Amino acid sequence: MAQELLATVRRMLTRVRVKTTHRGTEVTEHSRSTSVLGVSVPQCVVISLVCCALVAAFELPGLQAAPDTPVAQSSGPVTDLSLPTVPDLNPDPRVLEINLTAEVARVEVSPGRRVDAWTYNGMLPGPLIRLTVGDRLIVHFTNKLPSPTTVHWHGLRLPIQMDGVPGASQPQVEAGGTFTYDFVVPDAGLYWYHPHVMSAAQVGFGLYGAFLVDDPSETFKVADERVLVLSDIDLTEQGALEDPETGGSTGMAFGREGNTLLVNGRNHPRVSMRSGVTQRWRVVNAAKSRFFNLDPGVGIRFTKIGDDGGHQEYSEELESLVLAPGERADVFYTPTAKPGTEYGVHAYLFDRGFGSVEARQSEDLFSIVMADTPAVTPQPHPRVTRAIEAISQTGATPVAIEFGIDQKEDKSFYYTINGKPLADIPPLKAAVGETQIWKVTNTTPWSHPIHLHGFFFQVLDKDGKPRRPLKWKDTVSVPLKDSVTLVVRFDDRPGSWMYHCHVLDHAEGGLMSAVQLSRPGEPAPPLPSEHTHPASP
Ligand code: C2O
Ligand code: CU
Ligand code: CU
């Protein structure tokens with residue numbers, strides 16, 4: 001056991017190619033993690049893991065203690081980071097009809113560095129699917145992967161038949177198979193798409209894309225708009241895709257992160273912006289485990305105007321932008337550096353639990369190259385508000401969900417929901433029209449972004465009042481050793497709707513189940529099949 005942990009930590013440290021940092025905060029992390037882990041893991045093992053991690057870091061060749069300075073940027077070409085869209089096969093302006101093919105393709109993640117990734121239409125990330133609220137989307141999907149897959153439309157409030165979950169929605173699309181997705185997009189906002197079969201492996205290999213639903217009633221206009229898909233990919237020294245099962249159940253318990261950061265499929269890209277000109281960034285975290293914690297730069301703040309399900313009640317000024325896997329944000333950002341200069345947008349480490357900050361160094365996500373045009377005097381950011389009603393809690397059903405972690409006889413880790421392993425978790429039940437208040441408690445030493453398919457929810461404060469500004473969420477992080485309460489109203493779309501941790505290794509390790517939503521007097525809908533969560537390909 002201790003051997004296995006040691007090997008895992010060594011491997012993780014080598015593969016991430018980190019430099020050691022020994023800041024006070026990180027050392028505190030070790031002691032806190034030790035006590036929280038102590039419950040489920042023998043103390044000696046934890047202590048040896050922590051010690052080994054540090055020892056390993058010191059022993060690894062090429063590692064040296066470094067001050068907390070950003071990793072230097074590569075100097076590549078300047079890009080506009082725009083995401084290609086897909087040709088529309090349908091003449092009706094309110095219908096977007098596209099071909100989408102999942103296939104292995106060679107993509108370039110940085111100048112000269114090519115990877116055979118799993119892609120949609122040969123692109124990493126997949127093409128941007130962009131339409132207007134109320135439009136209909138028809139997707140002719142073909143699976144050219146060497147494995148079954150499906151497409152799940154994360155965050156969209158669709159009929160269950162279109163949700164991409166094998167068993168609950170459709171059969172999985174076998175290698176060589178096809179499926180047609182056909183639905184109307186009900187809400188404006190930034191969403192995303194990804195597989196729902198072996199999702200930790202498939203998303204990790206590159207299968208994800210952004211899905212932007214425009215709101216024609218928006219009254220503000222920002223000249224420079226971009227969609228930023230944040231992710232990472234795990235590559236071997238030879239540049240091949242790393243085995244998605246590295247580290248065994250310990251790797252699963254942690255949630256494997258990729259060693260190469262990507263923004264719109266590029267590692268450390270350089271992007272040009274104009275000084276003083278406001279940018280609007282629609283950002284999605286499509287990484288399978290990594291949380292992003294973006295620093296806007298000295299003296300600059302993000303103005304956040306939207307969340308998972310479109311605009312929020314009013315904007316927030318943020319000194320850093322944290323996105324858990326699956327979450328989205330809509331922000332204004334005004335770079336003010338001198339024309340001709342360049343600086344990095346830093347992705348700080350985020351403490352999502354044991355192993356996420358220890359002996360690792362943060363790095364720049366991308367760098368901003370200030371265009372050589374005269375600086376413009378920055379204008380105040382447009383004021384963006386939205387009337388959102390708090391979901392009524394009258395008559396709501398309380399539901400308790402507890403995320404736990406346990407070990408088998410052989411000491412391998414598995415996650416539990418209300419004490420039950422994956423195979424034994426009973427689905428939650430809900431009736432059409434019902435409101436439920438979920439108290440999600442996390443007893444584990446890792447944070448778990450809980451995601452509910454098909455519905456938006458609102459997060460409540462500890463006192464039961466909705467968190468302000470009001471937002472529509474479909475994914476929210478339940479911090480380690482903490483809890484989150486949320487309220488959701490189930491409308492008339494019966495079906496089995498999955499909920500799971502969006503650290504995809506955690507989902508497959510046990511933090512995954514469904515809500516069986518039925519109409520009164522009608523039989524309960526079919527549950528997701530086992531194929532939704534096989535342990536390994
Ligand atoms: Cu984005 Cu069930 O997932
Ligand atoms: Cu989803
Ligand atoms: Cu999790």
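In the predicted model, buried residues account for 60% of the 537 residues in the chain. The exposed surface of the chain comes to about 20600 Å², and 54% of that area is supplied by carbon and sulfur atoms. The secondary structure consists of six helices and 30 strands. When contacts between residues at least 6 apart in sequence are considered, 77% of them join residues at least 24 apart.

In soluble globular proteins, nonpolar side chains tend to be buried together. The largest nonpolar core in this chain has 44 residues. The members that touch the most other members are Ile401, Trp438, Ile450, Leu452, Phe490 and Tyr499. With neighbours within four places in sequence left aside, the contacts of Ile450 include Trp438 and Tyr499, as well as Phe403, Val440, Phe457 and Leu486. Ile450 is also in contact with Asp474, Thr475, His500 and Cys501, among others. A second core, separate from this one, contains 38 residues, among them Ile98, Ile129, Tyr193 and Leu460.

The copper ion (ligand 3) has as its protein donors ND1 of His448, SG of Cys501 and ND1 of His506, at 2.0 to 2.1 Å. Along the chain, the donors of this copper ion follow the spacing H-x52-C-x4-H. His448 lies in strand 25 (residues 448-452) and Cys501 in strand 29 (residues 495-501), so that distant parts of the chain, 53 residues apart, are linked by this pair. His448 and Cys501 are both buried. Cys501, a donor to the copper ion (ligand 3), is thus also one of the residues in contact with Ile450.

Conventions: Residues numbered from 1 in each chain as written. Chains lettered and ligands numbered in written order. Predicted model: local features only at pLDDT ≥ 70, side-chain atom pairs only at ≥ 80, totals over all residues. Heavy atoms only, no water. Core = buried A, V, L, I, M, F, W, Y, C linked by side-chain atoms within 4.5 Å. Buried < 20%, exposed > 50% of the residue type's maximum accessible area, 1.4 Å probe, protein only. Contact = heavy atoms within 4.5 Å. Donors = N, O, S within 2.8 Å, 3.2 Å for Na, K, Ca; no water. Helix = DSSP H or I, 4+ residues; strand = E, 2+ residues; numbered from the N terminus. Areas by Shrake-Rupley, 256 points an atom, 1.4 Å probe, with all protein chains shown as cover.
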